[in-house]
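Me: I'd like to go through this one with you, a few questions at a time. Ready when you are.

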Amino acid sequence: MTFGLACDRDGYDLRFPPNEDRGSSGGPNGHKCHEQQGVGSDTGAAAHELQGRAAPGDRKATNPKDAVGIKKVGLSVLPIRVLYEVALGMLEGALKYGRHNYRVIGVRASVYYDATKRHLDDWWEGEDIDPASQLNHVTKAISSLTVLRDAMIRGNWVDDRPPRSEPGWIDGLNAKAAALIDKYPNPVPAYVQAGAENRGEE
């Protein structure tokens with residue numbers, strides 16, 4: 001019995017490149033298995049295994065599943081650390097009110113708008129950490145909007161926003177802002193917290 005020797009269906013040794021004109025005895029570059037060491041009973045299975053393998057140059061550049069997967073929603077685009085912070089914000093709400101309570105009892109738009117606005121206003125005014133939760137105010141704001149958006153998607157919210165303004169209401173104000181910016185092309189730099197120490201401010 002021969003080990004490590006694989007032959008194709010015509011009896012040629014698969015370890016050697018095929019010859020276009022092998023002839024009955026294999027041709028000048030043909031290598032018959034029986035001319036080497038004889039054909040053993042295990043060579044047929046080995047030949048079948050080798051014939052089923054793609055040559056290195058014939059392999060696809062990517063896994064076939066990639067072509068489908070890349071066209072689906074991918075969570076790999078999300079920043080993981082932010083998601084985990086939001087999970088903490090949601091955990092706080094779950095412990096205080098019951099996990100997913102908002103899916104059962106629903107939410108009112110104005111309540112979550114106000115909560116989000118308070119957190120963002122506190123953050124904008126220089127307070128980074130919410131004293132109650134010890135989480136960043138921005139994280140708390142995202143958590144509030146997460147609940148609101150989930151309720152909106154499920155149709156489980158009360159839309160108590162005021163009567164809507166006419167479309168484009170802000171366009172006139174933007175035009176006035178642009179005129180002011182054009183009138184003062186070299187404005188005095190803004191006073192910001194980052195530079196307050198250099199101006200002797202608190």
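Me: To start, what share of the residues of the protein count as buried?
Reply: Keep in mind that this is a predicted model. Buried here means under 20% relative accessible area. Of the 202 residues in the protein, the share that counts as buried is 22%.

Me: And how many helices and strands does the protein have?
Reply: Going along the sequence, the pattern reads α-α-α-α-α-β-α-α-β-α. The tally for the protein is 8 helices and 2 strands.

Me: How are H4 and helix H7 placed, parallel or perpendicular?
Reply: H4 covers residues 80-97 and H7 covers residues 137-154. Their axes come within 9 Å and cross at roughly 70°. Angles of 65 to 115 degrees count as roughly perpendicular. So H4 is, relative to H7, roughly perpendicular.

Me: Which residues in H7 does H4 meet?
Reply: On the H4 side, the contacts come from Val82, Glu85, Val86, Gly89, Met90 and Glu92. Their partners in H7 are Thr139, Lys140, Ile142, Ser143, Thr146 and Val147.

Me: Lys140 lies in helix H7; is Lys140 buried or exposed?
Reply: Leaving aside neighbours within four places in sequence, Lys140 touches Glu92, His119, Asp130, Ser133 and Leu135. Its relative accessible area is 13%. The cut-off for buried is under 20%, so Lys140 is buried.

Me: How many residues apart in sequence are the parts that Glu92 and Lys140 tie together?
Reply: The two side chains form a salt bridge, 2.4 Å from N to O. Glu92 sits in helix H4 and Lys140 in helix H7, so the parts they tie together are separated in sequence by 48 residues.

Me: Where does Asp150 find its salt bridge partner?
Reply: Asp150 pairs with Arg103, and the closest N and O atoms are 2.8 Å apart. Asp150 is in helix H7, so the pair ties together parts 47 residues apart in sequence, with Arg103 lying in helix H5.

Me: Of that pair, is Arg103 buried or partly exposed?
Reply: Asp150 counts as buried, at 17% relative accessibility. Arg103 comes in at 35%. Partly exposed runs between the 20% and 50% cut-offs, so Arg103 counts as partly exposed.

Me: One last thing: what is the area of the nonpolar surface patch with Leu83 in it?
Reply: Leu83 is found in helix H4 and counts as partly exposed at 39% relative accessibility. The other members of the patch are Val73, Leu75, Val77, Leu78, Ile80 and Tyr84. The patch has an area of about 790 Å².

Key
Residues numbered from 1 in each chain as written. Predicted model: local features only at pLDDT ≥ 70, side-chain atom pairs only at ≥ 80, totals over all residues. Heavy atoms only, no water. Patch = residues over 30% accessible without salt bridge, like charges linked within 9 Å, V, L, I, M, F, W, Y side chains within 5 Å. Areas by Shrake-Rupley, 256 points an atom, 1.4 Å probe, with all protein chains shown as cover. Salt bridge = Lys/Arg side-chain N within 4 Å of Asp/Glu carboxyl O. Helix = DSSP H or I, 4+ residues; strand = E, 2+ residues; numbered from the N terminus. Buried < 20%, exposed > 50% of the residue type's maximum accessible area, 1.4 Å probe, protein only. Axes fitted to C-alpha atoms, helices over the stretch in contact; angles between N-to-C directions. Parallel < 35°, antiparallel > 145°, perpendicular 65-115°, else oblique. Contact = heavy atoms within 4.5 Å.
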